[in-house]
Amino acid sequence: MVDAFFASPAGQRLGEFMRQRLAAGAVIYPPQPLRALELTPLASVRAVILGQDPYHGPGQAEGLAFSVAPGVRLPPSLRNIFAELGIVPPHGSLVEWARSGVLLLNASLTVEDGQPGSHARKGWELLTDALLARVAATASPCAYLLWGAHAQAKAGLIQAQAAAHGRQALVLQANHPSPLSARRPPVPFLGCGHFRHARDWLAERGQPGVF
């Protein structure tokens, strides 16, 4: 699917955009944009957490939504994610989640230093929407944790694909874990219980050990 995308006109336009930005001296994160797919092949997905775009600070983004490498200070959204889980982690890397079947996918897979959203609507969304559709059509059971309006906009796509293919899908929606929205209505992220709900739902269907 990825190769076919980059061979398509949209993929070629995205590639040309990236080459032009690099030639202009732009600093682009992360160094491995497709790492989420490498660590969590689509055939092994049991849960999906969807972010908007990678962290835009030096040394932060590591190709997994919300994750940072060990030794990197936890961004506020990630701190709230761990607070909702009720744990104090040794680091902010979510690599073990990825290896256990949690697809940590951003809608846009690259960003420029200090410029959030700088690579939005450049073509990545066509690929990531196709990946979400493939997961929804094939992964069963699968839990989808959609935080914030951007992620929640994908609920219809996920539900339609899952229903069309007879897949079991749990779609959970709450505010984004950012401090700006984590405690606000209509569905505050802190206290939403998504991790517990997803864990229990998956375990009841023979898929324990997620999160």
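In what follows, Ala, Val, Leu, Ile, Met, Phe, Trp, Tyr, Cys and Pro count as nonpolar, Asp, Glu, Lys and Arg count as charged, and the others, Gly among them, count as polar. With that sorting in hand, the residues that line the largest pocket divide into 16 nonpolar, nine polar and two charged. I should say at once that what you have in front of you is a predicted model, and I will try to keep my wording within what such a model can carry.

Let me stay with the pocket for a moment. Its volume comes out at about 420 Å³, and its lining is made up of 27 residues, with Asp 53, Pro 54, Tyr 55, Phe 66 and His 176 lying nearest the centre. Two elements give two or more residues to that lining, namely helix H4, which covers residues 76–85, and strand S3, which covers residues 102–106. Of the elements, which one supplies the largest share of the lining? That is S3, with three residues.

Now to Phe 66, which I have just named as one of the residues nearest the centre of the pocket. Phe 66 sits in the loop that runs between strand S2, residues 47–51, and H4, and with a relative accessible area of 9% this residue is buried, because the cut-off for that word is under 20%. Its backbone also deserves a look, since phi is positive at about 75 degrees although the residue is not a glycine. As background, most residues other than glycine have a negative phi. A second case is Phe 211, in the segment after H9, where phi is near 65 degrees, again a positive value in a residue other than glycine. Phe 211 has a relative accessibility of 18% and therefore also counts as buried.

The loop between S2 and H4 holds other residues that I would like you to find on the screen. Glu 62 is placed there, and its relative accessible area of 12% makes it buried; its side chain makes a polar contact with the side chain of Ser 67, at 2.4 Å. Arg 73 lies in that loop between S2 and H4 too, but Arg 73 is exposed, with a relative accessible area of 72%. If you would like a sense of distance, the C-alpha atoms of Arg 73 and Pro 208 are separated by 30 Å, and these residues stand 135 apart along the chain.

Let me turn to the aromatic rings. How many aromatic pairs does the structure hold? There are eight. One of them joins Phe 6 and Trp 124, whose ring centres are 5.9 Å apart and whose planes meet at 85 degrees, so this pair is edge-to-face, the cut-off for that being over 60 degrees. This pair links distant parts of the chain, with Phe 6 in helix H1, residues 2–7, and Trp 124 in helix H6, residues 124–138, which puts them 118 residues apart. Phe 6 is partly exposed, at a relative accessible area of 32%, whereas Trp 124, at 3%, counts as buried.

Another edge-to-face pair is formed by Trp 147 and Phe 189, at 4.9 Å from centre to centre and with 75 degrees between the planes. Here too the pair links distant parts of the chain, 42 residues apart: Trp 147 belongs to strand S5, residues 142–147, while Phe 189 is in the loop between strand S6, residues 169–174, and helix H9, residues 194–204. Are these two residues buried or exposed? Both Trp 147 and Phe 189 are buried. They also belong to one aromatic cluster, which is formed by Phe 66, Trp 97, Trp 147, Phe 189, Phe 195 and Phe 211, and there you will recognise Phe 66, the residue with the positive phi of about 75 degrees.

Next come the peptide bonds, of which most, in general, are trans. The bond from Tyr 29 to Pro 30 is cis, with omega near -10 degrees, and Pro 30 lies in the loop between strand S1, residues 28–29, and helix H3, residues 35–39. A cis bond also joins Pro 185 and Pro 186, with omega about 10 degrees, and Pro 186 is placed in the loop between S6 and H9.

I will finish with the record. An unreviewed UniProt entry carries the annotation "domain: Uracil-DNA glycosylase-like" for residues 38–202. Over that stretch the chain is 34% helix and 15% strand, and its end C-alpha atoms are 23 Å apart.

Key: Residues numbered from 1 in each chain as written. Predicted model: local features only at pLDDT ≥ 70, side-chain atom pairs only at ≥ 80, totals over all residues. Heavy atoms only, no water. 1 Å grid on protein atoms, 1.4 Å probe; cavity = no way out; pocket = protein on both sides within 12 Å on 5 of 7 lines; lining within 4 Å. Points joined across faces, edges and corners; volume = space filled by probe spheres on them. Helix = DSSP H or I, 4+ residues; strand = E, 2+ residues; numbered from the N terminus. Phe/Tyr/Trp six-rings, centres within 6.5 Å; stacked < 30°, edge-to-face > 60°. Buried < 20%, exposed > 50% of the residue type's maximum accessible area, 1.4 Å probe, protein only. UniProt positions renumbered as here; feature names shortened; annotations may be inferred. Polar contact = N/O pair within 3.5 Å; in protein donor to acceptor, adjacent residues only side chain to side chain.
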